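Thank you all for coming; I would like to walk you through a structure that is probably new to most of you. Please take a moment to look at the sequence and the model before I begin.

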Amino acid sequence: MKFTELKQDVRGGARNIYLLEGEDAYFRLKGAETIEKEFLEFPELNLTVFDGESMRGGEISRLIAALENYPFMAAKRIVKISEFYPSESDFAKLKPTFDNFPPSAILLILNSGAKKGVDLKRKHGVTYVDCGKADEETVAKWVYITFKRAGIAAQAAACTAIARYCLCDMARVSVEVEKLIDYKMSGELTAEEVEGLVFKDAEYRLYEMTNAIAYRDYDKFNRVLNELCVKNGDETGVLSGLFTYLKNLLMCLESGESAAQLASSLGMKEYAVTKNREQARRIGAVALRGYLSAVYEAVSGIKGGLITPPAALQKVKCTLFFGYM
């Protein structure tokens, strides 16, 4: 099931084993909180927490013993384990417990999916909760509902902007939304207020810059560029960041891998890969290669003492918008 379906699901009763897996840490932690809030009483007595890294070999017996312990003055006890990727041999020790799960226990497994092990999603009794990155529409909807519960009417454009500025990272989205609730308290939240108050992810800033290139919006490019230079005070750093971003755009455009596979290879979010591909198609492979060459030459010139950083940045702007150096 999706994370957004979990709250409704727990109202129907407890499952034996929950696997909350995906790269969004916010979803994993909030999912665990939802289950604990519904079923856990006296957490100091009925909650046991393990580190999955240490659960190997003979240590598996500790996990089994914790699951088989009876709860104290409660219907359920919860055993929670993070980053648990058992091998085939380790899971063989757990299998009898999974097949005949203690009715008074709940096992929460919180995995980012960063490592390999047996496919727990397919094991008997496991309820899989998808904690992967949400898409823009889902995040914007969550933002809208959260504001509504707080007594704030948020424009659709404002909710979408928050999702985009935070690259759909729910940990960041939740912080920005809480900040805006404290600021606004009531009334209507506009897109203009979001623009002025929400901190934009550095990667989103680079996205704005390259998007301005794709749409030939010189004024917007300069506006974002000036903000980055004022914030960082480092033209070389901005050029290096732009080079990396353009390189990723070209890779997203030319790679035959799926968005999920490429995100894993590049260490990026799947949402960012999808947006990058859309942007790269607008710019085109030939233009991207030319831009990459120009930025690389500029950075090399700075490092070789052939040009000052401000002059190098100005030359790159000329290439990006007017086609000459």
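Let me start with a term: a residue is called buried when its relative accessible area is under 20%, and exposed when that value is over 50%. What we are looking at is a predicted model, and the chain averages a pLDDT of 88, with 98% of the residues scoring at least 70. Confidence is highest in strand β4, residues 105-111, at a mean of 96, and lowest in helix α11, residues 218-232, where the mean is 78.

With that term in hand, consider Gln-279, which lies in helix α14, residues 270-283. Is Gln-279 buried or exposed? Its relative accessible area is 0%, so Gln-279 counts as buried. Beyond its neighbours within four places in sequence, Gln-279 is in contact with Tyr-207, Thr-210, Asn-211, Tyr-245 and Leu-249.

Turning to the nonpolar interior, the largest core has 74 residues, and those with the most contacts inside it are Tyr-18, Ile-35, Phe-147, Ile-162, Val-194 and Leu-239. A second, separate core of 22 residues includes Leu-67, Phe-84, Leu-107 and Ile-109. Tyr-18, again leaving aside neighbours within four places in sequence, is in contact with a number of residues, including Ile-35, Phe-39, Leu-107 and Ile-109.

Finally, the surface: Met-73, in the loop between α4 (60-68) and β3 (77-82), has a relative accessibility of 62% and therefore counts as exposed. Together with Phe-42, Leu-45 and Phe-72, Met-73 forms a nonpolar surface patch, with about 420 Å² of accessible area in total.

Terms used. Residues numbered from 1 in each chain as written. Predicted model: local features only at pLDDT ≥ 70, side-chain atom pairs only at ≥ 80, totals over all residues. Heavy atoms only, no water. Patch = residues over 30% accessible without salt bridge, like charges linked within 9 Å, V, L, I, M, F, W, Y side chains within 5 Å. Areas by Shrake-Rupley, 256 points an atom, 1.4 Å probe, with all protein chains shown as cover. Salt bridge = Lys/Arg side-chain N within 4 Å of Asp/Glu carboxyl O. Helix = DSSP H or I, 4+ residues; strand = E, 2+ residues; numbered from the N terminus. Buried < 20%, exposed > 50% of the residue type's maximum accessible area, 1.4 Å probe, protein only. Contact = heavy atoms within 4.5 Å. pLDDT = per-residue confidence, 0-100. Core = buried A, V, L, I, M, F, W, Y, C linked by side-chain atoms within 4.5 Å.
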